[in-house]
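Please open the structure in your viewer and keep the selection tool at hand. The tour goes from one selection to the next and says, at each stop, what can be found there.

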Amino acid sequence: MELRRILLATSNPKKAEEMKRLLESYSFQVEIPKEEIEVQEGGSSFLENAFIKAQAYYEKYRMPTLADDSGLVVYALGGYPGVFSSRFYEHEYGGKEEVKTSKDEANIRKLLRLMEGVKDRRAKFVAFLVLSLGDAGYWSMGECEGIILEEPKGSEGFGYDPIFQPEGMQKSMAQLKPEEKDAISHRGKAIRNLVKIIAGGRGYE
Ligand code: IMP
């Protein structure tokens with residue numbers, strides 16, 4: 001199967017924007033699905049969820065399909081929000097939070113509440129990618145270590161970016177320009193890993 005055109009199995013426009021930018025820098029032609037598919041991300045790991053999404057979109061569109069499942073892992077919270085990152089505000093762990101302006105804002109409010117007075121602020125962003133070719137494919141992952149800030153800073157990016165400060169930086173992820181985020185982010189690393197894995201022919205079957 002020709003591996004120049006890749007469909008993105010995501011309904012998150014911000015995530016799609018990052019993946020498109022990263023893939024286009026390797027001359028892939030990126031397609032956005034015409035219709036979103038309701039996918040039940042019932043898996044217990046990022047890899048399983050990425051596989052479920054990639055497979056669901058592949059079944060419908062029958063072309064090489066790339067899914068990203070990602071999230072924020074906070075050490076002091078035993079790994080939460082983890083695979084529950086996107087809807088953490090409504091998860092039972094730590095109590096629910098009302099959505100006032102956006103889900104991202106509610107997620108951030110909840111996380112900051114749970115981190116009040118917590119000294120160990122270490123966390124990491126994790127991204128797992130699955131590129132499905134149907135019966136076979138490729139997968140990769142990337143991580144970005146950092147700390148949870150006391151309050152949000154910046155307006156770039158999405159999700160938990162305003163409260164995450166990457167290791168070795170004095171800025172939040174939401175204060176970085178897109179290309180600066182790509183250079184250090186979990187998603188940037190995962191895509192660069194994927195490109196190497198494809199080139200080496202080391203897929204799954
Ligand atoms: P998914 O669509 O289930 O993979 O949801 C991932 C969730 O993790 C997003 O909705 C965000 O809350 C969070 N997340 C993943 N990647 C990032 C990122 O690059 N910046 C900030 N938050 C992220």
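Begin by selecting K124, which you will find in strand β4, the strand that covers residues 122–132. Keep in mind, as you look around, that this is a predicted model. Is K124 buried or exposed? K124 counts as buried, because its relative accessibility is 17% and the cut-off for buried is under 20%. Now show the side chain of E143 as well, and you can trace a polar contact of 3.2 Å between the side chains of K124 and E143. If you leave aside the neighbours within four places in sequence, K124 is also in contact with several other residues, among them G71, L72, V73 and Y75, as well as C144, E145 and F164.

Next, select the ligand, which sits in the largest pocket. There are 17 residues around the ligand, and those that come nearest are K15, F158, D161, K181 and R187. Colour strand β3 (65–74) and helix α5 (186–199), since each of them supplies at least two residues of the shell around the ligand. Which element gives the largest share of that shell? The answer is β3, from which four residues of the shell come.

Stay with the ligand and look at some individual atom pairs. A polar side-chain atom of K181 lies 2.8 Å from an oxygen atom of the ligand, while at S70 a polar backbone atom is found 3.1 Å from a ligand oxygen atom. At F158, turn to the backbone, where an N or O atom lies 3.5 Å from a nitrogen atom of the ligand. Taken alone, the ligand exposes 490 Å², and the protein buries 94% of that area.

From here, move to S172, whose place is in the loop between β6 (164–166) and α4 (178–184). With a relative accessible area of 0%, S172 is buried. Show the backbone of K153 too, and you will see that the side chain of S172 reaches the backbone oxygen of K153 at 2.6 Å. Apart from the neighbours within four places in sequence, the contacts of S172 include L149, G154, P162 and Q165, and also D161, a residue you have already met among those that come nearest to the ligand.

Now select K96, in the loop between β3 and α3 (103–114). Is this residue buried or exposed? K96 counts as exposed, because its relative accessibility is 58% and exposed means over 50%. Not counting residues up to four places away in sequence, K96 touches Y89, E90, H91 and R113. If you add A106 to the selection, you can compare two kinds of separation, for K96 and A106 are 10 residues apart in sequence and 9.2 Å apart in space, taken from C-alpha to C-alpha.

The last stop is I52, which lies in helix α2, made up of residues 46–61. I52 counts as partly exposed, because its relative accessibility is 28%. Which residues touch I52, once its neighbours within four places in sequence are left aside? They are V39, Q40, G42 and G43, so you may wish to show these together with I52. Finally, select L23, which is 29 residues from I52 along the chain, and follow the line between the two C-alpha atoms, which are separated by 21 Å.

Definitions and conventions
Residues are numbered from 1 along each chain as its sequence is written. This is a predicted model: local features need pLDDT of at least 70, side-chain atom pairs count only at pLDDT 80 or more; totals for chains, interfaces and linings use all residues. Side-chain values use heavy atoms; hydrogens and water are left out. Buried means under 20% relative accessible area, exposed over 50%, partly exposed in between (1.4 Å probe, protein chains only). Contact means heavy atoms within 4.5 Å. A residue is near a molecule or strand if one of its heavy atoms lies within 4 Å of it. A polar contact is a pair of N or O atoms within 3.5 Å; within protein, one must be able to donate a hydrogen and the other to accept it, and residues adjacent in sequence count only if both atoms are side-chain atoms. Accessible areas come from the Shrake-Rupley method with a 1.4 Å probe; for residues, only the protein chains shown count as cover. On a 1 Å grid over the protein atoms alone, a cavity is a set of points where a 1.4 Å probe fits but cannot get out, and a pocket is an open set with protein on both sides within 12 Å along at least five of seven lines; lining residues have an atom within 4 Å of a point. A molecule sits in a cavity or pocket if more than half of its atoms lie within 2 Å of its grid points.
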